[in-house]
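Biologist: Got a minute to go through this one with me? I'd like to hear the reasoning behind each label.

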Amino acid sequence: MTEAATRFVTPVTFQALTGEPVFVDQWDARIDDNMAHIALSRRADAMLVAPATADFLAKLAHGLADDLLATMCLARDCPLLAAPTMNRQMWLHPATQRNVAQLVADGVTILGPASGDQACGETGLGRMLEPLELVDELAAFFVPRTLAGRHVLLTAGPTYEPIDPVRGITNLSSGKMGFALARACSAAGAQVTLVAGPTALATPRGVQRVDVRTAQQMHDAVMAVLDAPPASGTLRPDVFIAVAAVADWRVANASERKLKKRSADDLPKLEFAQNPDILAAVARRADAPWCVGFAAESEDLEANGAAKRAAKGVPLLVANIGHATFGRDDNELLLIDERGSQPLPRADKAQLAQALVTEIARRLPPRRG
Ligand code: CTP
């Protein structure tokens, strides 16, 4: 922490919240040889200065070394990232812009700033990215850009099929795997469009999200992305990953009004109609992107998965045990392609997503046109 940072939050609070030692002073007695600026940076894979004030960016740009943090930045042997945070006028000031340009030229990665409400009451560019966005950016910093120049379209989450205005049929999918994959594709450099069923999950940074409720809406949203006229800066999707747990049926006789409880021998009678199979419909298109399906099974993963891959006509199918993954943070997967199957052992969904992106990138044919 810089001396200025300790005016906002005390080192003791920081230490208590993180469970990690906090250093402020370059002469800290906990470092044997009085070389805190060397000792603290040598084990790091990267350094992230967040928030980075206008003053600190100016110091960095000029190579000043008058406190522990500035000295560490100068003495480091790892990549440096900074998340600028300041009043909008300070950010736009030519001196700050000059310093930022110099830092970029020096190889520093600048994260943000975001635009929005500022502590001073003004509104504009200069907000620090949200802490979880910084975590995503930092993780993405280390990911090889295997999907650069690609557009990945995904579906995720459950769908919700109304019975009446206040009731509906849905399933236990949380959307976590689909959102983790969207995040991993974005980190690998892809442009990402995520069509999401009802879920409270936050949109991964850099991901274009379209919210839908029903399977039909999800189908229409996916087709709209595939049929969109070419626009500048937008690539045609070259990968489609169907992660959503789409309801197979909708209620054909859904009521416009709330169904009222009547007697026990006068129960409502629901009739069902089949929903469109989004994955199969995309895979059938003449201009189909490279398709990846998921299979939520309850048993016999390999045989059921292989049959589903053939039925849907997709090059890669990812099979998992549905009830063992819905809502959880970890999972295990079985990848099935024309050559056979390959397990991805149990891991956090974020790690699995990254492994899956590697497998997709490895199999993906070169971009058309
Ligand atoms: N899928 C889809 N549209 C549907 C149903 C499924 O796009 N209407 C996609 C899912 O996103 C997933 C794959 O198809 O990628 C398989 O979904 P799953 O529910 O396992 O299979 P179903 O085709 O519904 O077959 P079943 O429920 O009989 O196993």
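**Around the ligand**

Modeller: Sure. A polar side-chain atom of D248 sits 2.8 Å from an oxygen atom of the ligand. Bear in mind that this is a predicted model.

Biologist: What makes the D248 pair a polar contact?

Modeller: The cut-off for N or O atoms is 3.5 Å. The D248 pair, at 2.8 Å, is within that, so it counts.

Biologist: Which polar backbone atom pairs with a nitrogen atom of the ligand?

Modeller: That one belongs to P276, at 2.9 Å. For K308, a polar side-chain atom lies 2.7 Å from an oxygen atom of the ligand. Both distances are within 3.5 Å, so these are polar contacts too.

Biologist: How much of the ligand does the protein bury?

Modeller: The protein buries 78% of the 570 Å² that the ligand exposes when taken alone.

Biologist: And why are residues counted as around the ligand?

Modeller: Because each has a heavy atom within 4 Å of the ligand. There are 14 of them, and A242, A244, D248, K308 and K312 come nearest.

Biologist: Which element gives the most to that shell?

Modeller: β14, with 4 residues. At least two residues each come from α10 (278–284), β14 (290–297) and α11 (301–312).

Biologist: How does the shell divide by residue type?

Modeller: Into 9 nonpolar, 1 polar and 4 charged residues. Lys and Asp count as charged, so K308 and D248 go in that group.

Biologist: Where do the domains fall along the chain?

Modeller: Domain 1 covers 5–141 and domain 2 covers 151–363. Their C-alpha centres are 39 Å apart.

Technical notes
Residues numbered from 1 in each chain as written. Predicted model: local features only at pLDDT ≥ 70, side-chain atom pairs only at ≥ 80, totals over all residues. Heavy atoms only, no water. Polar contact = N/O pair within 3.5 Å; in protein donor to acceptor, adjacent residues only side chain to side chain. Areas by Shrake-Rupley, 256 points an atom, 1.4 Å probe, with all protein chains shown as cover. Domains from an automatic or database assignment.
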